[in-house]
Amino acid sequence: LECNFDIGLLTVFEEMRYFHRLGFMPPPAATEMLPKEERLRIFRENVCVVVRHYNHIVNLLSPDERRLFTERIAFLDKKFAPGLNKLFWSSKGIVEYFVRDCRKFSRGEQQTVDEFKESVSRIK
């Protein structure tokens, strides 16, 4: 998985900060986005955390171990599916809930995989 936040939007936010530092008035269309910057930054960071957890889980497991965790990975895939297909960054309310829910489940699964790997290393 990868976080697909629009890099162009990040550039707009950065350029707006430069406009303000230089004492210039940014374009009106960009000014409309400014109040949303912090909300979008928090969403982006949380989504990136979920993506890192998921990728860590999948990449840490060998092919044989992945077969052991097939149900858990399928569970995460099912949880993440709305964010991959239906939700947009601009969706209000539901995005906060969705991201919080995904973070909770991905963190839990990552802990399970980490504990499994630690147990396997102690057995060897």
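## Close-up views of helix packing in a predicted model

Confidence in this predicted protein model is lowest in helix 2 (residues 28–33), where the mean pLDDT is 81, and highest in helix 4 (residues 63–68), where the mean is 93. For the protein as a whole the mean pLDDT is 86, and 94% of its residues reach 70 or more. Where pLDDT is low, the predicted coordinates should not be read in detail.

**View 1. Helix 3 (residues 37–60) packs with helix 6 (residues 94–123).** The axes of helix 3 and helix 6 lie 9 Å apart and make an angle of about 30 degrees. Because angles under 35 degrees count as roughly parallel, helix 3 is described as roughly parallel to helix 6. In passing helix 6, helix 3 makes a left-handed crossing. On the side of helix 3, the contact is made by R39, F43, N46, V47, V49, V50, H53, H56, I57 and L60, while helix 6 brings V95, E96, V99, C102, R103, S106, R107, E109, Q110, V113, D114 and K117 to the contact. Sorted by class, the residues of this contact of helix 3 with helix 6 comprise 10 nonpolar, five polar and seven charged.

**View 2. Helix 5 (residues 70–85) packs with helix 6.** Here the angle between helix 5 and helix 6 is about 165 degrees, and their axes are 10 Å apart. Since angles over 145 degrees count as roughly antiparallel, helix 5 is taken to be roughly antiparallel to helix 6. The crossing of helix 5 and helix 6 is left-handed. Helix 5 contributes R72, F75, L76, K79, F80, P82 and G83 to the contact, and these meet F98, D101, C102, F105, S106 and E109 in helix 6. The residues of the contact of helix 5 with helix 6 fall into seven nonpolar, two polar and four charged.

**View 3. Helix 1 (residues 7–22) crosses helix 3.** The axes of helix 1 and helix 3 come within 12 Å, and the two cross at roughly 135 degrees, so helix 1 and helix 3 are oblique to each other. The crossing of helix 1 and helix 3 is left-handed. In this contact L9, L10, F13 and R17 of helix 1 meet E37, L40 and R44 of helix 3. The class count for the contact of helix 1 with helix 3 is four nonpolar, no polar and three charged residues.

**View 4. E109 of helix 6 is shown with its contacts.** E109 has a relative accessibility of 8% and therefore counts as buried, the cut-off for that class being under 20%. When neighbours within four places in sequence are left aside, E109 is in contact with I57, R72, F75 and L76. Of the helices that E109 meets, helix 3 includes I57, whereas helix 5 includes R72, F75 and L76.

**View 5. Q110 of helix 6 is shown with its contacts.** The relative accessible area of Q110 is 15%, so Q110 too is buried. Not counting residues up to four places away in sequence, Q110 touches H53, H56 and I57, and H53, H56 and I57 are among the helix 3 residues that meet helix 6. Although Q110 and Y54 are 56 residues apart along the chain, their C-alpha atoms are separated by 7.5 Å.

**View 6. L76 of helix 5 is shown with its contacts.** L76 has a relative accessible area of 1% and is therefore buried. Apart from neighbours within four places in sequence, L76 is in contact with Y54, I57, F105, S106 and E109. Y54 and L76 are 22 residues apart in sequence, and their C-alpha atoms are 8.1 Å apart in space.

**View 7. I123 of helix 6 and E71 of helix 5 are exposed residues.** The relative accessible area of I123 is 72%, so I123 counts as exposed, and E71, at 67%, likewise counts as exposed. From I123 to the buried E109, a separation of 14 residues in sequence, the C-alpha atoms are 21 Å apart in space. E71 and V49, which are 22 residues apart in sequence, have C-alpha atoms 22 Å apart in space.

Terms used:
Residues numbered from 1 in each chain as written. Predicted model: local features only at pLDDT ≥ 70, side-chain atom pairs only at ≥ 80, totals over all residues. Heavy atoms only, no water. pLDDT = per-residue confidence, 0-100. Helix = DSSP H or I, 4+ residues; strand = E, 2+ residues; numbered from the N terminus. Axes fitted to C-alpha atoms, helices over the stretch in contact; angles between N-to-C directions. Parallel < 35°, antiparallel > 145°, perpendicular 65-115°, else oblique. Left-handed = near helix turned anticlockwise from the far one by under 90°. Contact = heavy atoms within 4.5 Å. Nonpolar A, V, L, I, M, F, W, Y, C, P; charged D, E, K, R; others polar. Buried < 20%, exposed > 50% of the residue type's maximum accessible area, 1.4 Å probe, protein only.
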